[in-house]
Amino acid sequence: MTIVFLSNEKKFSADGSLTLLQAAQDAKLVLEHSCRTGRCGSCKARVLEGEVNPCGEDTSLSSEERAQGWILTCVSSARGDVVRLDVEDVGILADFPVKITPTRIDFIERLAPDVMGVKLRLPPSNGLRYLAGQYVDVLGKGGVRRSYSISNHADVAGKIDLEIRKVEGGVLSQYWFAEAKVGDLLRIEGPKGTFFLRDVTGLDLVFLATGTGIAPVKAMLAELSTRPAGDKPKSVTVYWGGRNAADLYWTPFSTVEFRFVPVLSRGDENWQGARGYVQDVLLVQRPDLKNTVVYACGSPEMIGSASATLRVRGLPERRFFSDAFVSSAI
């Protein structure tokens with residue numbers, strides 16, 4: 001049995017039969033995570049002492065990161081007597097337990113050619129408590145499940161909003177885009193993930209989003225509007241990227257003042273806004289990152305590039321939080 005110490009001196013026991021992430025969870029400690037399959041990189045941690053065994057593919061790590069002692073806790077298990085990780089637990093999530101909840105479709109609309117907006121109604125006596133930025137799994141037939149970020153703040157009583165991108169050949173995409181109707185009964189499991197706002201007081205808060213990665217950003221903006229003035233960031237900027245103008249289906253509105261920068265990677269000659277990739281536009285517009293905190297949601301490619309380039313350009317350690325949208329295994 002191995003004793004695993006975290007950087008805030010909390011500890012838990014682990015053996016080789018469980019991943020570090022699961023062993024921590026069994027000890028009622030929550031580590032940063034999202035996909036649990038080694039593809040999103042949210043659970044990245046540096047090993048300061050001891051050794052670990054790989055128990056899955058760490059595809060979101062670079063060879064340089066591996067050489068520097070970085071691992072993914074979702075695909076690594078403990079080895080030896082002691083392991084020390086340079087990571088802290090996310091204690092607040094212990095107050096938001098994961099559970100299965102029945103829901104009904106309350107409203108459904110096409111937001112873009114390949115994006116569907118769905119509002120789910122929760123039972124009055126069995127509501128869902130979550131933090132803005134988290135996601136739920138929708139449970140389909142035959143064990144199929146798909147993860148979708150919640151796009152509204154938890155203060156909206158009894159309902160959650162999802163933004164669902166169409167996947168060609170996808171089992172649940174066929175349901176959402178051809179069969180779903182108001183009144184359908186569904187089951188969801190959540191809340192899940194560790195993507196939520198920490199203390200951003202006095203910082204320049206930057207959101208990077210691609211595609212439906214804007215969904216949790218909308219929830220976080222709504223949550224910010226409820227914070228006292230003394231707990232708010234110095235500034236808020238939202239960079240939202242798509243390929244073509246039709247991908248940018250949201251017209252910004254919030255009770256929080258923020259700067260909105262739409263970005264297209266393949267915009268035609270009529271596009272007058274920023275071009276390229278959101279992380280590159282950020283670097284051009286905000287060269288000094290010392291007082292910045294970044295929350296990124298969307299494609300793994302964007303998040304991997306943003307994480308690497310922003311740190312090189314001066315973004316402080318532990319000021320980058322992300323949730324990568326990866327394809328489901330089932």
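Strand β6 (residues 99-112) pairs with strand β7 (residues 115-121) in the antiparallel sense, over 7 bridges. Within this pairing, glutamate 109 has glycine 117 of β7 as its bridge partner. The model described here is a predicted one. Both strands belong to an open sheet of 6 strands, ordered β9-β8-β11-β6-β7-β10, in which the pairing is antiparallel. Its edge strands are β9 and β10, each of which pairs on one side only. On average, neighbouring strands of this sheet are turned by 40° against each other, direction ignored.

One strand of this sheet, β11 (185-192), is preceded by a loop that begins after α3 (171-178), and aspartate 184 is placed in that loop. The relative accessible area of aspartate 184 is 12%. Residues under 20% count as buried, and aspartate 184 is therefore buried despite its place in a loop. Its side chain makes a polar contact of 3.1 Å with the side chain of lysine 181. Leaving aside residues up to four places away in sequence, aspartate 184 touches Thr103, Arg104, Ile105, Tyr175 and Glu179.

A further set of pairings involves strand β5 (residues 76-85). Strand β1 (residues 2-5) pairs with β5 in the parallel sense over 3 bridges, and valine 4 stands opposite valine 83 in β5. Strand β3 (residues 44-54) runs antiparallel to β5 and is joined to β5 by 6 bridges. Here valine 52 stands opposite alanine 78 in β5.

Another open sheet has 6 strands with parallel pairing, in the order β15-β14-β13-β12-β16-β17. The edge strands in this case are β15 (274-275) and β17 (320-324), each pairing on one side only. At one end of the order, strand β14 (residues 259-264) and β15 pair in the parallel sense over 2 bridges. Leucine 264 stands opposite arginine 275 in β15.

Helix α4 (residues 214-224) has 10 of its 11 residues buried, so this helix is largely enclosed by the rest of the structure. The buried residues of α4 are Ile214, Ala215, Pro216, Val217, Lys218, Ala219, Met220, Leu221, Glu223 and Leu224. Their cover includes β12 (204-210), β13 (235-242) and β16 (292-298), and also β9 (145-149) and β10 (159-165). Of these covering strands, β12, β13 and β16 belong to the parallel sheet, while β9 and β10 are the edge strands of the antiparallel one. Both sheets thus contribute to the cover of α4.

Helix α6 lies across β12, β16 and β17, and runs at about 165° to β17. Helix α6 (residues 300-312) also packs with helix α5 (residues 278-285): their axes come within 9 Å and cross at roughly 25°. Angles under 35 degrees count as roughly parallel, which means that α5 is roughly parallel to α6. On the α5 side the contact is made by Val278, Gln279, Leu282 and Leu283, and on the α6 side by Met302, Ser305, Ala306, Thr309 and Leu310. These contact residues divide into 6 nonpolar and 3 polar, with no charged ones. An α-helix has 3.6 residues a turn, so residues three or four places apart point the same way. In α6, residues of the contact including Met302, Ser305 and Thr309 follow such a spacing.

Methods. Residues are numbered from 1 along each chain as its sequence is written. This is a predicted model: local features need pLDDT of at least 70, side-chain atom pairs count only at pLDDT 80 or more; totals for chains, interfaces and linings use all residues. Side-chain values use heavy atoms; hydrogens and water are left out. Helices (H or I, at least four residues) and strands (E, at least two) are DSSP runs, numbered from the N terminus. Buried means under 20% relative accessible area, exposed over 50%, partly exposed in between (1.4 Å probe, protein chains only). A polar contact is a pair of N or O atoms within 3.5 Å; within protein, one must be able to donate a hydrogen and the other to accept it, and residues adjacent in sequence count only if both atoms are side-chain atoms. Contact means heavy atoms within 4.5 Å. Axes are lines fitted to C-alpha atoms, for helices over the stretch in contact, and angles run from 0 to 180 degrees between N-to-C directions. Angles under 35 degrees count as roughly parallel, over 145 as roughly antiparallel, 65 to 115 as roughly perpendicular and the rest as oblique. Ala, Val, Leu, Ile, Met, Phe, Trp, Tyr, Cys and Pro count as nonpolar, Asp, Glu, Lys and Arg as charged, and the others, Gly among them, as polar. Two strands pair if DSSP finds at least two bridges between them.
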